[in-house]
Amino acid sequence: MSVNIIPKCQSTDPADYITAEGFVMPCCWMGNQPFIKEYFKLFADCLDEMSIHSRTLKEITEDPRYQRIAETWKTQPLEVCQKMCSQQKKEQAQGQDRYVNIFTN
Ligand code: SF4
């Protein structure tokens, strides 16, 4: 089953996230357990180069390998992206907004 990802990190006001260890990623969700394990796996061959301790933020985010995250959206999105930025998640949030509106209006 394919999951349609609507990436918040590609919004009009994107912001990169840097973990306490220096790893650069598109959002803070990815930096938390258990999702960070997916990040480590995705960049296992170049993990040191994804850290601001070895390169600048610009060098990392402009590195074609950084696009591996976005490439997963086309085939097998990372679990964190499915949980936080899927079409289903968006619809659930809209449903919750409607629920809140019923009781606040
Ligand atoms: S969960 Fe995935 S798609 Fe959503 S903001 Fe983070 S990296 Fe982007």
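Here are some questions and answers about a predicted model of a protein chain with a ligand.

Q: How should the numbers and the confidence limits be read here?
A: Residues are numbered from 1 along each chain as its sequence is written. Since this is a predicted model, local features need pLDDT of at least 70 and side-chain atom pairs count only at pLDDT 80 or more, while totals for chains, interfaces and linings use all residues.

Q: What does pLDDT say about the protein chain?
A: pLDDT is the predictor's confidence in each residue, from 0 to 100. The protein chain has a mean of 89 on that scale, and 90% of its residues reach 70 or more. Confidence is lowest in helix H5 (residues 87-104), with a mean of 68, and highest in S2, at 98.

Q: What makes a stretch of the protein chain a helix or a strand?
A: Both are DSSP runs, numbered from the N terminus: helices are H or I runs of at least four residues, and strands are E runs of at least two. By that rule the protein chain has 5 helices and 2 strands. From the N terminus on, the order is β-β-α-α-α-α-α.

Q: Why is Tyr-39 called buried?
A: A residue is buried if 20 or more other C-beta atoms lie within 10 Å of its own, exposed if 12 or fewer, and partly exposed in between, with C-beta atoms placed from the backbone. Tyr-39 has 22 C-beta neighbours inside 10 Å, so Tyr-39 counts as buried. You'll find Tyr-39 in helix H1. Across the protein chain, buried residues make up 17% of the 105 residues.

Q: Why is Ile-18 called partly exposed?
A: Ile-18 has 15 other C-beta atoms within 10 Å, so Ile-18 is partly exposed. Ile-18 sits in strand S1 (residues 17-18).

Q: What about Ala-70 and Lys-90: why are they partly exposed?
A: Ala-70, in helix H3 (residues 68-72), has 15 other C-beta atoms within 10 Å, so partly exposed is the right label. Lys-90, in helix H5, has 13 other C-beta atoms within 10 Å and therefore gets that label too.

Q: How do you know which residues Tyr-39 touches?
A: Two residues are in contact if their C-beta atoms, placed from the backbone, lie within 7 Å. Leaving aside residues up to four places away in sequence, Tyr-39 touches Phe-23, Met-25 and Met-30. On the same footing, Met-30 touches Met-25, Phe-35, Ile-36, Tyr-39 and Val-80, and Ile-18 touches Val-24 and Ile-52.

Q: Which pairs are far apart in sequence, and what separates them in space?
A: Tyr-39 and Val-80 are 41 residues apart in sequence and 9.8 Å apart, C-alpha to C-alpha. For Ile-18 and Ile-52, 34 residues apart along the chain, the C-alpha separation is 8.1 Å. Ala-70 and Gln-10 are 60 residues apart in sequence, with 9.5 Å between C-alpha atoms. Lys-90 and Ile-5 are 85 residues apart along the chain, with their C-alpha atoms separated by 9.6 Å. As for contacts between residues at least 6 apart in sequence, 58% join residues at least 24 apart.

Q: What makes a group of residues a nonpolar core?
A: A nonpolar core is a set of buried Ala, Val, Leu, Ile, Met, Phe, Trp, Tyr and Cys residues joined through C-beta atoms within 7 Å. The largest one has 16 residues, and Phe-23, Val-24, Met-25, Met-30, Tyr-39, Met-50 and Cys-81 touch the most other members. S2 and H4 each supply at least two residues of this core, and H4 gives the largest share, 3 residues.

Q: What counts as near the ligand, and which residues are closest?
A: A residue is near a molecule or strand if its C-beta atom, placed from the backbone, lies within 6 Å of it. The ligand is surrounded by 13 residues, and the closest are Pro-7, Cys-9, Cys-27, Cys-81 and Cys-85. Helix H4 (residues 79-85) provides the largest share of that shell, 4 residues.

Q: Where is the cis peptide bond?
A: The cis bond joins Gln-33 and Pro-34, with omega about 0 degrees. Pro-34 lies in the loop between strand S2 (24-25) and helix H1 (36-42).
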